[in-house]
Amino acid sequence: MSAINLGFVLVVLMSVSAADAAEQPAAVQIAEAARAVLVPQDAATDGVLTVFDNSLWVQCLSSHYLPGWRCDAAGLRGQPWLHHLMTADREARLFALGFGPDTVTGNFIAQLPRTTTPQALAEIVLRVLTEGYGAKVEDLEVNTARLKTERCHPRIRSGADRGGSILAPGLGFAKDADAGCVVANPLNINNNDATDILIPNGGRVDLNTRYGAAMTAELEKVETAPKGVDAFVIFQAGPAYVQCQHDFDGNRMYCEAVSEDAVGHALARVLTTERKAKLTAAGFEPPGKVMNYWRFYPRPQYDLPAVTKALLDVLKNAYGYQGTPPLTVTTALDKERPL
């Protein structure tokens with residue numbers, strides 16, 4: 001299960017969302033957050049403001065070690081899957097907004113003078129996220145933190161969600177932090193061409209007959225878990241997997257299907273252009289906002305047996321899964337086990 005990145009699953013649904021402050025425009029929220037954590041000067045603590053939509057983020061740091069405010073925006077070194085959306089045109093928009101590449105972190109960075117008003121900073125951040133990365137304003141999250149002052153704050157490692165950003169409460173996990181301010185180049189997992197991770201050919205079985213009831217039962221456990229409980233389920237067949245978590249506020253199931261960015265180029269030999277088209281036809285958005293392909297299944301449009309069938313069809317049509325190896329399941333409470 002080491003290939004599966006769980007940290008990014010439904011991040012937008014697990015933190016305070018913009019919908020919880022719908023009365024305030026995003027620009028107002030960001031400006032107020034900047035005024036609270038970036039404007040005050042304190043020799044003992046540094047202020048960190050992060051505005052993000054899953055893997056799309058801008059983070060600004062205020063420290064007495066810096067002459068102004070340093071703002072970082074997500075880069076390919078920290079999150080290699082951004083190559084799906086970082087076109088030359090979008091990079092040009094980042095440059096036009098004053099963000100250039102940084103060789104230490106691999107991020108795009110800008111140095112803003114302390115005379116920049118919170119309102120002006122909010123406008124820059126919003127334009128970077130919407131014009132540079134294609135984020136939607138209504139999906140943005142605002143995170144603020146005061147950290148013990150350091151010349152180099154630990155940053156989230158490459159390959160983890162929001163890789164390259166400063167580790168702060170609510171943004172990442174201590175286990176995913178690199179010491180200091182240097183972000184290492186990502187591990188070369190995407191060049192793993194080992195044939196043993198390919199999905200083997202096997203006898204054809206009726207997947208819905210074999211796994212339908214058990215998979216539906218696992219999805220029901222996720223859907224009925226108390227709100228706020230970390231409940232997820234992963235269904236895996238060799239290197240291929242689909243994983244789901246319930247969005248209580250939206251009354252819908254959020255699911256992801258693995259990309260080659262999460263597993264490696266060996267999966268790319270399975271995920272041909274034609275099979276990627278099958279994922280798109282099944283309603284999945286391409287990676288970029290998150291590492292994997294992703295979509296929502298809203299109720300009452302989908303009941304759980306329909307979600308089960310849709311996911312099994314994805315495993316069959318997009319990844320060529322025919323029943324070998326047997327499906328396994330992993331949950332927040334259980335380690336990997338046969339389904």
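**Exercise 1. Characterise the disulfide of Cys60 and Cys71, starting from the burial of the two residues.**

Solution. Both Cys60 and Cys71 are buried in this predicted model. The next step is the bond itself: the two sulfur atoms lie 2.1 Å apart, which falls within the 2.5 Å cut-off for a disulfide. The handedness follows from the torsion about the S-S bond of Cys60 and Cys71, about 105 degrees, so this disulfide is right-handed. The last step is to place the partners: Cys60 belongs to strand S2 (residues 56–62) and Cys71 to strand S3 (residues 69–73), so the bond ties together parts 11 residues apart in sequence.

**Exercise 2. Determine how many disulfides the whole structure holds, and describe the one formed by Cys244 and Cys255.**

Solution. The search of the whole structure returns two disulfides. In the pair of Cys244 and Cys255, the sulfur atoms are 2.1 Å apart. The angle about the S-S bond of Cys244 and Cys255 is 110 degrees, and the link is right-handed. Cys244 is located in strand S10 (residues 240–247) and Cys255 in strand S11 (residues 252–257), with their positions 11 residues apart in sequence. Both Cys244 and Cys255 are buried.

**Exercise 3. Identify the largest nonpolar core and the elements that contribute to it.**

Solution. The largest nonpolar core comprises 43 residues. Leu49, Phe99, Leu121, Leu129 and Tyr133 have the most contacts inside this core. Elements that give two or more residues to it include helix H2 (26–37), strand S1 (45–53), helix H4 (118–132) and strand S6 (141–148). Leu49 serves as a worked case: beyond its neighbours within four places in sequence, its contacts include Ile30, Val58, Cys60, Leu121 and Val142. Cys60, a partner in the disulfide with Cys71, is thus also a contact of Leu49. Another core, of 42 residues, lies apart from the largest one, and Val233, Met291, Tyr293 and Tyr297 are among its members.

**Exercise 4. Derive the strand order of the open six-stranded sheet and locate the helices packed on it.**

Solution. The order is S12-S11-S10-S9-S13-S14, with antiparallel pairing. Strand S12 (293–298) and strand S14 (337–338) are the edge strands, each pairing on one side only. Within the sheet, strand S9 (residues 233–237) and strand S13 (residues 328–331) pair over four bridges in the antiparallel sense. One of the residues concerned is Ile234, whose bridge partner in S13 is Thr330. Helix H5 (residues 207–224) packs on the sheet and touches S9, S10, S11, S13 and S14; its direction makes about 155 degrees with that of S9. Helix H9 (residues 304–319) also packs on the sheet, in contact with S10, S11 and S12, and its direction makes about 155 degrees with that of S10.

**Exercise 5. Locate the cis peptide bonds at Pro300 and Pro325, and the positive phi values of Asn54 and Asn251.**

Solution. Begin with omega. The bond joining Arg299 and Pro300 is cis, with omega about 5 degrees, and Pro300 sits in the loop between S12 and H9. The bond from Thr324 to Pro325 is cis as well, with omega near -5 degrees; Pro325 sits in the loop between H9 and S13.

Continue with phi. Asn54, although not a glycine, has a positive phi of about 55 degrees and lies in the loop between S1 and S2. Asn251 has a positive phi near 50 degrees and lies in the loop between S10 and S11. Finally, compare burial: Asn54 is buried at a relative accessible area of 3%, whereas Asn251 is partly exposed at 37%.

Key: Residues numbered from 1 in each chain as written. Predicted model: local features only at pLDDT ≥ 70, side-chain atom pairs only at ≥ 80, totals over all residues. Heavy atoms only, no water. Buried < 20%, exposed > 50% of the residue type's maximum accessible area, 1.4 Å probe, protein only. Core = buried A, V, L, I, M, F, W, Y, C linked by side-chain atoms within 4.5 Å. Contact = heavy atoms within 4.5 Å. Pairing = 2+ DSSP bridges. Axes fitted to C-alpha atoms, helices over the stretch in contact; angles between N-to-C directions.
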